[in-house]
Amino acid sequence: MANETAVFFGQFLRSPAVTGAVAPSSRRLSEAVCVPVPERGDPVVVELGPGTGPFTAEIQRRIGGRGRHLAVEINPRLAGHLGARYPGVELVVDSAARLPELLAGRGVAAADVIVSGLPWAAFPPAHQADLLRAVVASLAPGGAFTTFSYVHARLLPAALRFRRRLGEAFEEVVAGRTVWRNLPPAFVYHARRPRR
């Protein structure tokens, strides 16, 4: 765990707007974000911005070798670290904004669940919009999308804009309870029924 934190922090120092946090997400936040990942069947689970893999570990635990788990990471160093630790994950080093094309290229029609570790509040408006369009276009009609936001950033203009866009993109958006045992404290957005 100390090595993961060091790798993550190093990447944050190199590119804070892309990495978006100073430390990997906690186990408690990972559990909260991954609630929609089904523990039965053969789901297609897509993970955006896995970093060093805290959500990856929880997704792998929940699917237990069933279905498919694709992870899209833009940072090659973090992707290399993740690939070495989780060889069963289909890892793609690319931008999440290209998600529909990335899935089509792998013969995936749609994702049942999309779990995001992306730093939404750090992105400019156009990039936020592109990413959210890619998520909606890639999700099955009955699918679920989860992501999180830091409590301290909740009222920043970029965070408010992202929350508004979530409401425009999905029929149902629910904010979960605050996960205080995370650095920094965070809460989860659960979104369902994408608007086409």
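## Alanine 175

In this predicted model, alanine 175 counts as partly exposed, because its relative accessibility is 44% and that label covers the range between under 20% (buried) and over 50% (exposed). You'll find alanine 175 in strand S6, which runs over residues 170–175.

What does alanine 175 touch, once residues up to four places away in sequence are set aside? The answer is Phe187, Val188 and Tyr189. Looking the other way along the chain, phenylalanine 148 is 27 residues from alanine 175, and the C-alpha atoms of the two are separated by 8.8 Å.

## The Glu39–Arg62 salt bridge

Searching the whole structure turns up nine salt bridges. One of them pairs glutamate 39 with arginine 62, with 3.3 Å between the closest N and O atoms. This pair ties together distant parts of the chain, 23 residues apart: glutamate 39 sits in the loop between helix H3 (27–33) and strand S1 (44–48), while arginine 62 belongs to helix H4 (residues 54–63).

Are the two partners buried or exposed? Glutamate 39 is partly exposed, at a relative accessible area of 48%. Arginine 62 comes in at 13%, so it is buried.

## Inside helix H4

Helix H4 also holds a salt bridge between arginine 61 and glutamate 58, whose closest N and O atoms are 2.9 Å apart. Both residues lie in that helix, three residues apart, or about one turn. As for solvent, arginine 61 counts as exposed because its relative accessibility is 52%, and the cut-off for that label is over 50%. Glutamate 58, at 7%, counts as buried.

Which residues do these salt bridges link into a network? They are Glu39, Glu58, Arg61 and Arg62. So if you're looking at helix H4 in the viewer, bring up the loop with glutamate 39 too, because glutamate 39 is the partly exposed member at 48% and its partner arginine 62 is in the helix.

## Strand to strand: Arg68 and Glu90

Another salt bridge joins arginine 68 to glutamate 90, with the closest N and O atoms 2.8 Å apart. Here, too, distant parts of the chain are linked: arginine 68 is in strand S2 (residues 68–73) and glutamate 90 is in strand S3 (residues 90–93), 22 residues apart.

How accessible are the two ends of this bridge? Arginine 68 has a relative accessibility of 27%, so it counts as partly exposed. Glutamate 90 is partly exposed as well, with a relative accessible area of 28%.

Notes: Residues numbered from 1 in each chain as written. Predicted model: local features only at pLDDT ≥ 70, side-chain atom pairs only at ≥ 80, totals over all residues. Heavy atoms only, no water. Helix = DSSP H or I, 4+ residues; strand = E, 2+ residues; numbered from the N terminus. Buried < 20%, exposed > 50% of the residue type's maximum accessible area, 1.4 Å probe, protein only. Contact = heavy atoms within 4.5 Å. Salt bridge = Lys/Arg side-chain N within 4 Å of Asp/Glu carboxyl O.
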